[in-house]
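Visitor: Hey, I've just pulled this one up and could use a quick tour. Can you walk me through it?

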Amino acid sequence: TSGEDLLPATQQTLDSLKVLIPVAKFVSGDIFKPVAVPNTYHRVKENPPGIIATLQAPVKGMINAIEVILFVLAIGGFISVVNQTKAIDAGLSRLVEKLTGREYWLIVLVTALTTAGGTTFGMQEELIAFVPLLVPVFIAAGYNAMLATCCIFFGASFGCTVAITNPFSTIIASDAAGINWTSGTSMRLLTLGIGWLVTLVYLLRYGRILKQQGGAVSASDSMPAPHENIPKATTLPALSLRLSVILVLFAACFVIMIYGVSQQGWWFTEMTTLFLTGAIIIGVVAGMGEKKLLRAFTTGCADMLGVAFLIGIARGISVLMEESMISDSVLYFAGNLLSTMSGSAFLVVMFFVFAGLSFFVPSTSGLAVLTMPIFAPMADAVGVDREKLINAYMYGQGWFNYVNPTSLVLIFLAAANLNFGRYLRFVWPLAGIMLIVLIAMLIL
């Protein structure tokens, strides 16, 4: 209220203000949004939002989040163009063909590829189409529909749980928290490796049990009953040289994004440009005409409009809370409750908070934009790095998605004609192990 005070950008200044954040995080750009100064809260005249301000909030939120929204639309268009070429489908088809007779490698590589897809660009919905393809292959190899479906779903879900470059969780959540999304990558990579190995061992063990049973159907087996309709495999294109080049270009876009953000200071403008350019190049290599390329790109953008509007509306709630000075009060009183809590306890509590909220807000991007502006300053109050809060958000939401009926699990099971009750009996031991692993990594 009395103007600005300019202080030297040193660790001593932060220490004197009791801001529990290393100055290096500001200097390096890991934190790029203003943070609250502890013990400066004081009551001012109330400023309740009126009807006009409330109606304008979503529009202001979309304006404030326009860089994020354009990035999401560009990602949607990029993925749609790649899907239009059938390159990913052809790559998986070639993989299945090469692994015929080497069934254990089928489990390993399918789980590895779906995990990679989840952790890099949030690949989940796109993988539903592969369930009808892989179920007959797994059954022919002596396995069952449950194993086939879970190799796809578990891999993609855990990849999204410990996302490295996923634009719909890591990048959007980090932006909402005011930090660079590359912060904390090394710990996420370690968690990703440990969790993937746990998942793989669980699936391989189940596959070995099925082999020992000779594929027999029993009352405790997770295989569909004989009268259930097993989906038929779809026809996929052969992996030609052109499609191989498209797969290389697809992967190269994510490698370039990581390099640009970590080494060249890129942010949403540059990342959006990268995926827009990548979509055009892939369309040209695929031999798409101008109209076909534009149609594929705009179709992908249309698929992301719901996400884009959700981001804008969620950001609008933050705008309304800030303009009405509600945010500071919420942070102040919540901070008082958390002030005696250790960092580890705070992260564990946040893990379960995000898990619970994901039932009501299953969208990863929507939950991130809605909650990070509130919870990130709370992390500062207890001396927890904001990237660790991002981990708690991803781990909690991702862990609950194993059984969350409002997420994609029911759609995956429906694609293979599997019963949700059977699935729960199959997944609960893995969910329990993952709960221990994820919380242990948060505490570590």
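Visitor: How much area does the protein expose, and what share do carbon and sulfur atoms supply?
Guide: This is a predicted model, and in it the protein exposes about 20,500 Å². Carbon and sulfur atoms supply 67% of that.

Visitor: And what percentage of the residues count as buried?
Guide: Of the 444 residues, 49% do.

Visitor: OK, how many helices and strands are there?
Guide: You get 20 helices and 0 strands.

Visitor: What about contacts between residues at least 6 apart in sequence: what share joins residues at least 24 apart?
Guide: That share is 80%.

Visitor: Let's switch to H10. How far does H10 reach from its first C-alpha to its last?
Guide: Helix H10 covers residues 185–213, 29 residues in all, and reaches 42 Å. That's close to the 42 Å expected at 1.5 Å a residue.

Visitor: Which of its residues are buried?
Guide: Among them are Arg-188, Thr-191, Leu-192, Gly-195, Thr-199, Tyr-202, Leu-203 and Tyr-206.

Visitor: Now H16 and H18. How do their axes cross?
Guide: The axes of H16 (residues 343–360) and H18 (residues 386–400) come within 7 Å and cross at roughly 45°. That angle makes H16 oblique to H18.

Visitor: Left-handed or right-handed?
Guide: H16 passes H18 in a right-handed crossing.

Visitor: Which residues make the contact?
Guide: On H16, they include Phe-346, Met-350, Phe-351, Phe-354 and Phe-359. H18 brings residues including Lys-388, Tyr-393, Tyr-395, Gly-396 and Trp-399.

Technical notes:
Residues numbered from 1 in each chain as written. Predicted model: local features only at pLDDT ≥ 70, side-chain atom pairs only at ≥ 80, totals over all residues. Heavy atoms only, no water. Helix = DSSP H or I, 4+ residues; strand = E, 2+ residues; numbered from the N terminus. Expected span 1.5 Å × (residues − 1). Buried < 20%, exposed > 50% of the residue type's maximum accessible area, 1.4 Å probe, protein only. Contact = heavy atoms within 4.5 Å. Areas by Shrake-Rupley, 256 points an atom, 1.4 Å probe, with all protein chains shown as cover. Axes fitted to C-alpha atoms, helices over the stretch in contact; angles between N-to-C directions. Parallel < 35°, antiparallel > 145°, perpendicular 65-115°, else oblique. Left-handed = near helix turned anticlockwise from the far one by under 90°.
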